[in-house]
Amino acid sequence: MKKNHRTYLLLLLVLVVWGILGFRIVKTVSPSTKGTVPLVHAEKFVPTPIKKRDSFALNANYRDPFLGTFPKTEKPKKVRVTVAQKEILPDKNISYTGFITENGSRKKIFFLTVDGMQQIFSENDVLQGVELLSGDGKKVQVHYNGKTKKIPLSQ
């Protein structure tokens, strides 16, 4: 009978363990609402200040163990400066057609054709951006667009 006693005792122990587990599962699935504990208000939350970390930099200026060379230093980049190009103004079509002198004076009057229109100039006159600097019977010297040109007499 000793053998049956052990079997009954072990069977009772298994039923007690399964009973406890079943009770806990049932209690977890359907909790009772009677025993609720009121919430306790805690103190106001104050976060701790964050300390700034010390920064550091690695200096990797050492010889490469495989190649046996030192790293190349970075050269500062050159900034290209773009030069604003001056506006190229078109050349004026100027031709020298002749001159006359007044009687009794040394004043000369020159006839120049500027862009198809005949103009009358005397020395140091400026018309349409063209200045007559000097001239004689064979050629005149004019200044326009920052350039000085000698123009021969056209026939």
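Let me start with D54, in the loop that runs between α1, residues 2-29, and β1, residues 94-101. Keep in mind that this is a predicted model. D54 counts as exposed, because its relative accessibility is 74% and the cut-off for exposed is over 50%. For a sense of distance, take D54 and Q141: they are 87 residues apart in sequence, and their C-alpha atoms are 77 Å apart in space.

Now the sheet. Three strands make up an open sheet, ordered β1-β2-β3, with antiparallel pairing. Why do β1 and β3 each have one side without a neighbour in the sheet? Both stand at the edges, β3 being residues 117-121, and each has a single partner strand, so one side is left free of a neighbour. On average, neighbouring strands here are turned by 20° against each other, with direction ignored.

As a general reminder, strands of a sheet pair through backbone hydrogen bonds, in either a parallel or an antiparallel way. In our case, β2, residues 108-114, pairs with β3 in the antiparallel sense over five bridges. To pick out one position, F110 has F121 in β3 as its bridge partner.

Last, back to helix α1, and to V14, which lies in that helix. Is V14 buried, exposed or partly exposed? V14 counts as partly exposed, because its relative accessibility is 42%, and that class covers the range between under 20% and over 50%. V14 also belongs to a nonpolar patch on the surface, together with L10, L13, V17, W18 and L21. The accessible area of the patch comes to about 620 Å² together.

Technical notes:
Residues are numbered from 1 along each chain as its sequence is written. This is a predicted model: local features need pLDDT of at least 70, side-chain atom pairs count only at pLDDT 80 or more; totals for chains, interfaces and linings use all residues. Side-chain values use heavy atoms; hydrogens and water are left out. Helices (H or I, at least four residues) and strands (E, at least two) are DSSP runs, numbered from the N terminus. Buried means under 20% relative accessible area, exposed over 50%, partly exposed in between (1.4 Å probe, protein chains only). Two strands pair if DSSP finds at least two bridges between them. Axes are lines fitted to C-alpha atoms, for helices over the stretch in contact, and angles run from 0 to 180 degrees between N-to-C directions. Patches are made of residues with over 30% relative accessible area and no salt bridge: like charges are joined within 9 Å, nonpolar side chains (Val, Leu, Ile, Met, Phe, Trp, Tyr) within 5 Å. Accessible areas come from the Shrake-Rupley method with a 1.4 Å probe; for residues, only the protein chains shown count as cover. A salt bridge is a side-chain nitrogen of Lys or Arg within 4 Å of a carboxyl oxygen of Asp or Glu.
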